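The following account leads the reader through one protein model, from the surroundings of its ligands to its cores, its domains and its overall form.

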Amino acid sequence: MYIAQQVAFLITLTVAGILVRRRVLFIRNNIRLGKANVINDRHGERLKNMLLVAFGQKKMFKRPVAAVLHFFIYAGFLIINLEVLEFIIDGFFGTHRIFASFLGPLYPWMMNFFEALAVAVMLACLVFLLRRFVIRIPRFWSSEMTTWPRLDAALILTTEIVLMWAILFMNASDQLLQQVNEHYVSTGTLYFSSMLMPLLESLTPGSLLILERFCWWFHIIGILGFSVYITYSKHLHIFLAFPNTYYARLEPKGQINNMPVVTREVRSMLGLEAAAPQAPSEPGRFGAKDINDLQWNSLMAAYSCTECGRCTSECPANLSGKKLSPRKIMMDVRDRMEDVGKSMASGGPGIADGKFLLGDYITKEEINACTSCNACVEACPVMISPLDIIIEMRRYVAMEESGSPAQWNSMFQNIETNFAPWKFPSSDRFKWASENS
Ligand code: SF4
Ligand code: SF4
């Protein structure tokens, strides 16, 4: 019986491992479609960001209630996984509660702590479900939150609740089995699950054993299924928030990454430096028309997006009724990567499928509505910058297509000829002072 369970466990673990690996390689290849960008500086600051923002959830605490609830789920995920470790060792070796023999009297403490966390996770998930589907907080119902993103959130929250119930029922049936079989490993009293024991007291030892084993299998299959599922879901942020915060921009938010070749040209035009002779090279594309024009870290950011909508809820363009939603920008980048990746995986044309991020996924109307205010960047709990992507696409429209709105084009022309956005020669700039003296 134990051998059959061990074999079944190994098969389940192997299948889950293969599926996760395949998906991780798929995502890695998609991120590699982005432009190279070597980030190898200020390691201390980067590490600090990762520890404070990804591990410590620092930016979440701007909204304390959601932050505390999210923290329960996050801590539950990290800490209850220690119990999953015990599941895996038991599954491998056909043992039962192997940690109990090592931890002795500490084991009941640990299990009670896990159970308390499981209850906190259930309550937090329940509140999150209520916020989304009963109170219907607007940012969870805006237009980009179509059926799949809403279903994704509901599935994860419901699965977590069911998995936590499985732990509690497993422990309750286990404690009853300990009472009828003295050879059963003792867990001591587990306070939360023991509240469920009256519900199970009428069951025979055989039925209790089936229930205990069912909950064990349900939990482990649930966890393994969850690990495959999150690679398709916004919940990938559980892992990608760490590299994303590490590789996030450290420059002041208002600083825009200029293109060195353009900067040199402008400086020479303003007489600030002599134009350096350039080695002939393949002219690259100015700005971004598709995902392969964006830097790899912008693509990774799209996979790290939690779809929380904090960026959109702070975006002045969105709030004033414009068609722009920074969350949608990140979701579109991810959708484009997924489409290109699937096309490549099936031997299709991949990036050369005749579609482009700009035009087929994101419209000019959206990117032109951005005020470059950085409110979205400030609001993002995992340090994503939708603005970087918007600016790259606007740069493409302005420099490659001359397709900016007509008012902007006259401003660009004024800057080029008058060194200011206005239609006055630069020599007249200080006339106002002499006229008023
Ligand atoms: S930078 Fe653009 S997208 Fe971001 S909040 Fe401001 S207007 Fe919205
Ligand atoms: S970009 Fe950041 S703030 Fe916006 S939805 Fe994604 S995770 Fe949330």
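A residue is taken to be around a ligand if its C-beta atom, placed from the backbone, lies within 6 Å of that ligand. The model under discussion is a predicted one. By this criterion 15 residues surround ligand 2, and those that come nearest are Cys305, Cys308, Cys311, Arg327 and Cys380. Two helices, α13 (310–314) and α15 (326–345), each supply at least two residues of this shell. The largest share is that of α15, with three residues. By class, the shell around ligand 2 divides into ten nonpolar, two polar and three charged residues.

The surroundings of ligand 1 can be described in like manner. Its shell holds 16 residues, of which Cys315, Cys370, Cys373, Ala375 and Cys376 come nearest. Two or more residues are given to this shell by each of the elements α14 (316–319), α18 (375–379) and α19 (386–400). Helix α19 provides the largest share, three residues. The shell around ligand 1 comprises twelve nonpolar residues, three polar ones and one charged one.

Glu307 merits separate notice. This residue is found in the loop between α12 and α13, and its phi is positive, about 60°, although it is not a glycine. Glu307 counts as buried because 22 C-beta neighbours lie inside 10 Å, where the threshold for burial is 20 or more.

The discussion now turns to the nonpolar interior. The largest nonpolar core has 50 residues, and Leu299, Val333 and Met393 are those with the most contacts inside it. At least two residues of this core are supplied by each of α1 (2–31), α2 (43–55), α10 (237–246), α12 (296–304), α15, α16 (357–361), α18 and α19. Where does this core lie with respect to domain 1 and domain 2? Both domain 1 (2–31 + 63–246) and domain 2 (286–402) contribute residues, and the core therefore lies between them. Met393 illustrates the packing: apart from its neighbours within four places in sequence, it is in contact with Gly287, Ala288, Leu358, Ile362 and Ile367. A second core, separate and of 30 residues, includes Ala124, Met164, Ala166 and Leu176.

The domains themselves may be considered next. The domain assignment gives domain 1 as 2–31 + 63–246 and domain 2 as 286–402. Their centres, taken over C-alpha atoms, are separated by 34 Å. The contact between them takes 18 residues from domain 1 and 23 residues from domain 2. On the side of domain 1 that touches domain 2, the elements giving two or more residues are α1 and α10. Of these, α10 gives the most, with six residues. That side of domain 1 is made up of nine nonpolar, six polar and three charged residues.

Other parts of the chain are less covered. Helix α11 (residues 260–269) has ten residues, and the count of buried ones among them is zero. Just after α11, Gly271 takes a positive phi of about 75°. Ser402, in the loop between α19 and α20 (406–418), has a phi near 45°, a positive value in a residue other than glycine. Is Ser402 buried or exposed? Ser402 is exposed, because 9 other C-beta atoms lie within 10 Å and a residue with 12 or fewer is classed in this way.

Leu103 has its place in helix α4 (residues 98–103). With 15 other C-beta atoms within 10 Å, Leu103 is partly exposed. From Leu103 to Ser320 the separation is 217 residues in sequence and 59 Å in space, C-alpha to C-alpha.

The overall form can now be stated. The secondary structure comes to 21 helices and zero strands. The radius of gyration is 28 Å, well over the 22 Å that the globule rule gives for 437 residues, so the protein is more spread out than a compact globule. Along the principal axes, the C-alpha atoms fill a box of roughly 100 × 55 × 40 Å. Buried residues make up 30% of the 437 residues. Among contacts with a separation of 6 or more, 77% are between residues 24 or more positions apart.

Notes:
Residues numbered from 1 in each chain as written. Chains lettered and ligands numbered in written order. Predicted model: local features only at pLDDT ≥ 70, side-chain atom pairs only at ≥ 80, totals over all residues. Helix = DSSP H or I, 4+ residues; strand = E, 2+ residues; numbered from the N terminus. Nonpolar A, V, L, I, M, F, W, Y, C, P; charged D, E, K, R; others polar. Core = buried A, V, L, I, M, F, W, Y, C linked by C-beta atoms within 7 Å. Domains from an automatic or database assignment. Contact = placed C-beta atoms within 7 Å. Rg over C-alpha atoms; globule rule 2.2 N^0.38 Å.
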